[in-house]
Amino acid sequence: MLTKKEINIVLENIEDMFPDAECELVHDNPFELLIAVVLSAQCTDALVNKVTKDLFKKYKTPEDYLNVPLEELQHDIRSIGLYRNKSKNIRKLCTTLIEEYGGVVPNTKQELENLAGVGRKTANVVASVAFGEPAIAVDTHVERVSKRLGICRWKDSVLEVEKTLMRKIPKEEWSNTHHRLIFFGRYHCKAKSPQCEICPLLDLCREGQKRMKKSSKV
């Protein structure tokens, strides 16, 4: 496990690598972001953006998603994985928004998690990006990078990873660090082909050092 000093070095390097890291889901308001994040489960942001380019022109309010047959909404997002379940969840959360929140997206994590299709990660993303609430949303990239670098333990659950990061990183840096870790995992420390040989963090990364030793023996 990395020391506090080593974690600071990691964060400084990742900031240098990805100073402009931010949410890559294209949206114009909290409602569009909420829909986009729900659609992004087990799906790339690039594909979601491709679909929402037309989707957000057709559906602008919660009522719009309820004014068409379920089959029509499914057709409109059919290129996205799990589109049947996501269509049902979108209609359910739109109903809740209308009936309980006047059609407005709530701004607290607890309220967001009460919406259909919205788990802890989605709630953290929306609260952070749309409402500026400090949060660390743990997706596959954040989990992988945190464990490879030794900030967290390999056996940690997603929730344990989140709590560890929140404990070891200053609160005012949570949201920025979340985006930078995602970029680091998405574009550098990739799942199948991490760029260990050019990584500025190799001296601190036991996982990277193991991989380099293995590759040198091949």
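This note goes through a helix, some aromatic pairs and one glutamate in the predicted model shown above.

1. On the basis of the note: because this is a predicted model, local features need pLDDT of at least 70 and side-chain atom pairs count only at pLDDT 80 or more, while totals for chains, interfaces and linings use all residues. Residues are numbered from 1 along each chain as its sequence is written, and side-chain values use heavy atoms, with hydrogens and water left out.

2. On helix 9: helices here are DSSP runs of H or I with at least four residues, strands are runs of E with at least two, and both are numbered from the N terminus. Helix 9 covers residues 140-149, and eight of its 10 residues are buried, so the rest of the structure largely encloses this helix. Buried means under 20% relative accessible area, exposed means over 50%, and partly exposed lies in between, using a 1.4 Å probe and protein chains only. Among the buried residues are His 141, Val 142 and Leu 149, and the charged-looking names Arg 144, Lys 147 and Arg 148 are listed with them.

3. On the two ends of helix 9: at its start, a side-chain oxygen of Asp 139 comes to within 3.1 Å of the backbone nitrogen of His 141. After the helix comes Gly 150, which has a positive phi, near 85°.

4. On the aromatic pairs: rings of Phe, Tyr and Trp (its six-membered ring) pair if their centres lie within 6.5 Å, and planes under 30 degrees apart count as stacked, over 60 as edge-to-face and the rest as tilted. This rule gives four aromatic pairs. In one of them, Phe 31 and Tyr 65 meet edge-to-face, at 5.8 Å centre to centre and with 75° between the planes. Phe 31 belongs to helix 2 (residues 30-39) and Tyr 65 to helix 4 (residues 62-66), so their pair ties together parts that are 34 residues apart in sequence. Phe 31 is buried at 8% relative accessible area, and Tyr 65 is buried at 0%.

5. On the pair within helix 11: Phe 183 and Tyr 187 are also edge-to-face, at 5.3 Å centre to centre and 70° between the planes. They sit four residues apart in helix 11 (residues 174-187), a separation of about one helical turn. Phe 183 is buried at 12%, whereas Tyr 187 is partly exposed at 37%. Ring pairs join Phe 18, Phe 183 and Tyr 187 into a cluster.

6. On Glu 207: this residue lies in helix 12 (residues 206-217) and is buried, at 17% relative accessibility. Apart from neighbours within four places in sequence, Glu 207 is in contact (heavy atoms within 4.5 Å) with Arg 148 and Trp 154. Arg 148 is itself one of the buried residues of helix 9.

Technical notes. Polar contact = N/O pair within 3.5 Å; in protein donor to acceptor, adjacent residues only side chain to side chain.
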